Amino acid sequence: MAKELKDLTKRSEDYSKWYNELVVKADLAEQSAVRGCMVIKPYGYAIWEKMQQTLDKMFKETGVQNAYFPLLIPKSFLCREAEHVEGFAKECAVVTHYRLKNDPNGNGVVVDPDARLEEELIVRPTSETIIWGTYKNWIHSYRDLPVLCNQWANVMRWEMRTRMFLRTAEFLWQEGHCAHATAEESEARTVQMINLYADFAEKYMAMPVIKGVKSANERFAGALNTYTIEAMMQDGKALQSGTSHNLGQNFAKAFDVTFVNKDNKPEYVWANSWGVSTRLMGALIMTHSDDNGLVLPPHLAPIQVVIIPIYKNSEQLAEISAKVEPIINELRALGISVKYDDSENKRPGFKFADYELKGVPVRLAIGARDIENGTVEVMRRDTLEKHVAPLDGIANYVAKLLEEIQDNIFQKALKHRESMTRTVDTYEEFKKEIEKGGFILAHWDGTTETEEKIKDETKATIRCIPLDGDETPGVCMVTGKPSARRVIFARNY
């Protein structure tokens, strides 16, 4: 084993330390010179690009178009939607000046006090306000609707306690913002997008999620309703992995966005917004990876197959390379990304360990003896199992194996979630069970007061009111008051 792997902390010893080390050792990201911000390295960005490309295609298939809106938002815009500004005020980075000058005392550069902006600008924490300020210019008639826009961008939310991919001051995301003529259309789009996120999480990330609605206390600032997908990490904590918000007419009223309907009467537009971020990278790492490094789902792995030649001299390498070339072409023709690592500055053992650390789903090792026997050694990253397979038909064999790995890691994550999901009826039982981690299904009376009490006393929050599952009414585990149905509680990232 290479030194990198020997030095990786075990999950059972310190899960948080394991995660932080893995992000760095697997070459995904590193801390930057700016406190709270990270550098996403090429390998990490390649995974994000695959997520981005897949989601972008899925969005466009529903009629969504991409646009781009300014990074800087006038402070007055944020003030127009009271709930919204209250939700983000403590996280905002503010631009106050537009120029620097040389320090007359010779101490580098200083802010020019004469260059103060007439109105301060906010580095976008989210774009509802600037977008709805723009939509006012775009929307006049029912013929202008719907507007279905998405932007891929960076946002800034000042965070004091950060963790790479999970919580950083600056992060990458997409934010969709749609305008509709009716409440029904807007609600349908809101639900459509949370379903799309759930499909992406399960089919591409191999990460099982629960779809649900946020409680009033947990919903997005300024929304009527927030839909969410919640995933369980290996340590039993929940991770909110995507949200879709029905904004009603709040932003349309705040920015006076009206349209003339089919009856020739003015009406406020109905809105929704939806987004996922590089937080999904953290979810991907914590859902599947193990003590040997990353375990990537084949559907999102930048390198799905790595081929490593085992040779003693340049003649053997040339023979192996000639044999491997048509296999690489066959794999690529099947849409499989493959890397042939014939670099001479690293030994095969180091390469094995490095690609294992980086979570490459399938490794093929081939030497001179394998060519003689017409075989190849196959290693699958999800189980670390090695076996010998015939070279003849290896491309199709690998294609099937990749799908098998994709399904296997999804099923493994699903079984983990099921084993860590319990039902409780009393608050005393809840307090004991929450210490074990996982999802707890319990009755709640629907009040913010009870929700806050549970959070203060146990550090657990309502992750969602599930859209599917048991809808049997009961009584609140805390107050004994009537409860419409069980909700999911967990501690979370």
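1. Let me start with the overall make-up of one stretch: over residues 30-297 the chain is 29% helix and 32% strand, with the end C-alpha atoms 22 Å apart. Please keep in mind that this is a predicted model. The same range, residues 30-297, carries a label in UniProt, where an unreviewed entry annotates "domain: Aminoacyl-transfer RNA synthetases class-II family profile".

2. Aromatic rings give you plenty to look at, as a search of the whole structure finds 15 aromatic pairs. One of them joins Tyr135 and Trp138 in a tilted arrangement, 5.3 Å centre to centre and with 35° between the planes. Both residues belong to helix α6 (residues 128-138), where they are three residues apart, about one turn of the helix. An α-helix has 3.6 residues a turn, so residues three or four places apart point the same way.

3. The two partners differ in how they are covered. Tyr135 counts as buried because its relative accessibility is 0%, whereas Trp138, at 38%, counts as partly exposed. A second pair, Tyr427 with Phe430, is stacked: its centres are 6.1 Å apart and its planes make an angle of 25°. Here too the residues share a helix, α14 (residues 427-434), and are three residues apart. Tyr427 and Phe430 are both buried.

4. Back to helix α6 for a moment. How many of its eleven residues are buried? Eight of them are, which leaves the helix mostly covered. The buried set consists of Glu128, Thr129, Ile130, Ile131, Trp132, Gly133, Thr134 and Tyr135.

5. Rings also gather beyond simple twosomes: ring pairs link Trp48, Phe59, Trp152, Tyr197 and Trp274 into a cluster. It may be handy to select these five residues together in your viewer.

6. Two cation-over-ring contacts are worth a glance. The charged end of Arg80 sits over the ring of Phe77, at 4.9 Å from the ring centre. In the other, the ring belongs to Tyr43 and the charged end to Lys358, with 5.7 Å between that end and the ring centre.

7. Finally, the surface. Tyr68, Leu71 and Leu72 make a nonpolar surface patch of about 270 Å². Of these, Leu71 lies in the loop between β3 (65-66) and β4 (72-74). Is Leu71 buried or partly exposed? With a relative accessibility of 33%, Leu71 counts as partly exposed.

Key: Residues numbered from 1 in each chain as written. Predicted model: local features only at pLDDT ≥ 70, side-chain atom pairs only at ≥ 80, totals over all residues. Heavy atoms only, no water. UniProt positions renumbered as here; feature names shortened; annotations may be inferred. Helix = DSSP H or I, 4+ residues; strand = E, 2+ residues; numbered from the N terminus. Phe/Tyr/Trp six-rings, centres within 6.5 Å; stacked < 30°, edge-to-face > 60°. Buried < 20%, exposed > 50% of the residue type's maximum accessible area, 1.4 Å probe, protein only. Lys NZ or Arg CZ within 6 Å of the ring centre and 35° of its normal. Patch = residues over 30% accessible without salt bridge, like charges linked within 9 Å, V, L, I, M, F, W, Y side chains within 5 Å. Areas by Shrake-Rupley, 256 points an atom, 1.4 Å probe, with all protein chains shown as cover. Salt bridge = Lys/Arg side-chain N within 4 Å of Asp/Glu carboxyl O.
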